[in-house]
Amino acid sequence: MIVSYIGLSVAVQSSASRLLYAKGRDGVLPRKTFGYIHPKTRTPTRAILLLGLSSIIVIPLTTKYLLLIELSSFGRLSGFILVNLAVIIHVVKSGNRSGGA
């Protein structure tokens, strides 16, 4: 369970940093912090560092690790259901029944 949680946290952090970068690039969040891409690695290093620091600060403050794991599993399941529901609604509204978006 711990190994799967570590894998989950890596995936969440990488996707969240890309999301923060997109918001920074579009000007929703401060561009200097979130809209920065490292020229050599082409990754949003400032967003990754900010998320890493927030994880280092928040996770030790919570003593109920099992609750965190249950919440993350519930969040993944809810997100999966909502994405599929959004696709169904999009297909019904657009009238596109051929299988393509």
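1. The accessible surface of the protein comes to about 7,900 Å², and carbon and sulfur atoms account for 71% of that area. The model is a predicted one, and the values in this note should be read with that in mind. Of the 101 residues of the protein, 13% count as buried.

2. As for the overall arrangement, the protein has four helices and zero strands, and its elements, read from the N terminus on, follow the order α-α-α-α. Among contacts between residues at least 6 apart in sequence, 38% join residues that are at least 24 apart.

3. Helix α1, which covers residues 2-25, is a good place for a new reader to begin. This helix has 24 residues and reaches 34 Å from its first C-alpha to its last, which is close to the 34 Å expected at 1.5 Å a residue. Its buried residues are Leu8, Ser17, Leu20, Tyr21 and Gly24.

4. On the surface, Ile2, Ile6 and Val10 form a nonpolar patch, and together these residues have about 320 Å² of accessible area. Ile6 belongs to helix α1. In general, an α-helix has 3.6 residues a turn, so residues three or four places apart point the same way. The three members of the patch, Ile2, Ile6 and Val10, may usefully be viewed along the helix with this in mind.

5. Ser17, also found in helix α1, is buried because its relative accessible area is 2%, under the 20% that sets the limit for buried residues. Leaving aside residues up to four places away in sequence, Ser17 touches Pro44, Ala47, Ile48 and Leu51. Of these partners, Ala47, Ile48 and Leu51 fall within the range of helix α3, residues 45-61, and the contacts of Ser17 therefore link helix α1 to helix α3.

6. Val12 is another residue of helix α1, and with a relative accessibility of 45% it counts as partly exposed, whereas Ser17 is buried at 2%. The C-alpha atoms of Val12 and Ser72 are separated by 9.9 Å, although the two residues are 60 residues apart along the chain.

7. The structure holds one salt bridge, in which the side chains of Asp26 and Arg25 meet at 3.5 Å, N to O. In general, side chains of opposite charge can pair when their charged atoms come close. Asp26 counts as exposed, because its relative accessible area of 52% is over 50%, while Arg25, at 45% relative accessibility, counts as partly exposed. Just after helix α1, Gly27 takes a positive phi of about 90°.

8. A second positive phi deserves a careful look, since Arg42 has a value of about 55° although it is not a glycine. Arg42 is found in the loop between α2, residues 31-34, and α3. At 56% relative accessibility, Arg42 counts as exposed because this value is over 50%.

9. Arg46 lies in helix α3, residues 45-61, and its relative accessibility of 38% makes it partly exposed, because that value lies between the 20% and 50% limits. Not counting residues up to four places away in sequence, Arg46 touches Lys32, Thr33 and Tyr36. With Lys32 the separation is 14 residues in sequence and 9.0 Å in space, C-alpha to C-alpha, and the backbone oxygen of Lys32 lies 2.5 Å from a polar atom of the side chain of Arg46.

Methods
Residues numbered from 1 in each chain as written. Predicted model: local features only at pLDDT ≥ 70, side-chain atom pairs only at ≥ 80, totals over all residues. Heavy atoms only, no water. Patch = residues over 30% accessible without salt bridge, like charges linked within 9 Å, V, L, I, M, F, W, Y side chains within 5 Å. Areas by Shrake-Rupley, 256 points an atom, 1.4 Å probe, with all protein chains shown as cover. Salt bridge = Lys/Arg side-chain N within 4 Å of Asp/Glu carboxyl O. Helix = DSSP H or I, 4+ residues; strand = E, 2+ residues; numbered from the N terminus. Expected span 1.5 Å × (residues − 1). Buried < 20%, exposed > 50% of the residue type's maximum accessible area, 1.4 Å probe, protein only. Contact = heavy atoms within 4.5 Å. Polar contact = N/O pair within 3.5 Å; in protein donor to acceptor, adjacent residues only side chain to side chain.
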